[in-house]
Amino acid sequence: MDRLTTNFAGTLFGLHGEPAHERIVVASDAQSGLQAVIAVYSTARGPAFGGCRYWQYASEYEAYHDALRLSQGMAFKNALARLPFGGGKAVILKRPEQMDRTAMFKAFGRLVQSLGGIYLTAEDVGTTADDMRAVQSETPYVSGIPRDNDVYGGNPSPRTAYGVFVGLKAAVQVALGRDTLDGVSVAVQGLGSVGWDLCERLHNAGAELIVADIDAGKTERAKHLFGAQVADTARIAGVNADVFAPCALGGSITEAVAAQCEFKVIAGGANNQLMSLAEGDTLHKRGIFYAPDFLVNAGGIISCVREYQGSADEEAVLAEVAQIGPRVFELAERVKTTGIAPARAAVAWAREQMKAV
Ligand code: NAD
């Protein structure tokens, strides 16, 4: 714990001057090699709901910081999606010692169970439905599990991609005044579960794609199937396109990208796209409409929540996810009225919703 307290001094009780997290749990399990951080930002709207990321971090600090930022984003996301849940997130640090994946996710399940229901988990980057099944063997506080007999459930990524598509389309209407994506050029960063599905939808809607992924097999497939142009991963944020859709990991809108990119719209699935709200201000000053990640990528959590509540069917979930479009329009109105950048306006709006309960 010494290293943690030394390295994390100044951020333990607040992230960039924001209100502090309600609870942060740092836990390990020697037998399975589990090392995890669960961050609960807010339970104001209900128990904290947010996925579990399994990732190889460069340092413990990075993992901790990721958990904190992601859990705050989940609180905003759930509030804007009007879900009766607060925001939390888990990260599991990927390490070579973790030989038995099932045993490790079971240990994670026991950790979730030990919190008594203040945190509910699901898939995120690096985790699968099988991992969630292992979690489910130890705790009921989990979602994103495929069910039999027509009971709604499973991998939330297609619903996330649908919400991003709807949000991107609304953002294009706001910024370009076009109600169709036909002929609109979109640069997609990351062709994983969300990015690939989004590309399919964009292609079917007539958009022209420029894609980048560290996995050359995926970009080749996109070239073949969607006629996509392929860009270097280091250059995708600098290409000439109407829209940028970050769908890999966070942090792609750096100070330099915000100051120099030529897009008209940014709307994508990745969490924490902006390095900070200052980058959102720069985009706004430059006339680029940024549709905040936590507004447009809520489709997956909507799916997980309705699965968890056991009351949903596919059609109802898709109809709920489609509400992301009108919310983008409402955000644009707030931006017009207040003059503040969309990212800040969305945070203020989310905080209103968090107080409203
Ligand atoms: P994924 O792991 O399936 O896909 C990520 C893709 O990004 C992979 O193809 C990977 O090769 C690629 N990638 C990694 N680094 C890259 C780089 N530097 N440049 C280009 N490509 C790179 O993950 P996913 O489930 O598709 O999630 C993508 C993002 O969306 C994440 O930030 C995640 O937190 C967020 N998100 C996902 C969901 C969901 O339902 N899956 C919901 C909300 C938010």
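In strand β5, Val40 has Gly88 as its bridge partner, and this pairing, taken from a predicted model, belongs to a set of six bridges through which strand β2 (residues 34-42) and β5 are joined in the antiparallel sense. Strand β5 also pairs with strand β3 (residues 48-49), here in the parallel sense and over two bridges, with Ala48 of that pairing matched to Gly86 in β5. A further parallel pairing, over four bridges, links β5 with strand β4 (residues 52-55), and in β5 the residue opposite Tyr54 is Ile92.

The strand that takes part in these pairings, β5 (residues 86-93), is mostly covered, with eight of its eight residues buried. In a regular strand, side chains point alternately to the two faces of the sheet. In β5 both faces are covered, since Gly86, Gly88, Ala90 and Ile92 are buried on one side, while Gly87, Lys89, Val91 and Leu93 are buried on the other.

Contacts with β5 are also made from helix α2, in which Asn78 lies. Asn78 is buried, its relative accessible area being 0%, and, when neighbours within four places in sequence are left aside, its contacts are Arg45, Phe49, Leu83, Phe85, Gly86, Gly87 and Ile301. The loop between α2 and β5 contains Arg82, which is partly exposed, with a relative accessible area of 34%. The backbone of Arg82 has a phi near 60°, a positive value in a residue other than glycine. Most residues other than glycine have a negative phi. A positive phi, of about 55°, is also found at Asn272, although Asn272 is not a glycine. Asn272 lies in the loop between β11 (265-266) and α9 (277-285) and, with a relative accessible area of 14%, is classed as buried because this value falls under 20%.

Asn272 leads to the enclosed spaces of the model. Where empty space is left can be shown by rolling a probe the size of a water molecule over the atoms. The structure holds two cavities of 30 Å³ or more, and the largest of them has a volume of about 40 Å³. The lining of this largest cavity is formed by Leu70, Gly73, Met74, Lys77, Asn271, Asn272, Asp293 and Phe294, and the elements that contribute two or more residues to this lining are α2 (60-80) and α10 (293-296). Helix α2 provides the largest share, namely four residues. In terms of class, three residues of the lining are nonpolar, three are polar and two are charged.

The second largest cavity has a volume of about 30 Å³ and is lined by Lys77, Leu80, Ala81, Phe294, Leu295, Ala298, Ile324 and Arg327. Two or more residues of this lining come from each of α2, α10 and α13 (324-338). The class composition here is six nonpolar and two charged residues, with no polar residue. Lys77 and Phe294 appear in the linings of both the largest and the second largest cavity.

Apart from these cavities, the model has a pocket that coincides with a recorded site. In an unreviewed UniProt entry, the annotation "binding site" covers Gly190, Leu191, Gly192, Ser193, Val194 and Gly195, and of these residues the lining of the largest pocket includes Gly190, Leu191, Gly192, Ser193, Val194 and Gly195. The annotated residue Gly190 is placed in the loop between β7 (185-189) and α6 (193-204), whereas Val194 is found in helix α6 itself.

Gly190 and Val194 can be described further by their exposure and contacts. Gly190 is buried, with a relative accessible area of 4%, and, leaving aside neighbours within four places in sequence, Gly190 is in contact with Gly195, Ala212, Asp213, Cys247 and Ala248. Gly195, one of these contacts, is itself covered by the UniProt annotation. Val194 has a relative accessible area of 18% and is therefore also classed as buried, the cut-off being under 20%. Beyond neighbours within four places in sequence, the contacts of Val194 are Ser157, Thr160, Ala161 and Gly269.

How values were computed
Residues numbered from 1 in each chain as written. Predicted model: local features only at pLDDT ≥ 70, side-chain atom pairs only at ≥ 80, totals over all residues. Heavy atoms only, no water. UniProt positions renumbered as here; feature names shortened; annotations may be inferred. 1 Å grid on protein atoms, 1.4 Å probe; cavity = no way out; pocket = protein on both sides within 12 Å on 5 of 7 lines; lining within 4 Å. Buried < 20%, exposed > 50% of the residue type's maximum accessible area, 1.4 Å probe, protein only. Contact = heavy atoms within 4.5 Å. Points joined across faces, edges and corners; volume = space filled by probe spheres on them. Nonpolar A, V, L, I, M, F, W, Y, C, P; charged D, E, K, R; others polar. Pairing = 2+ DSSP bridges.
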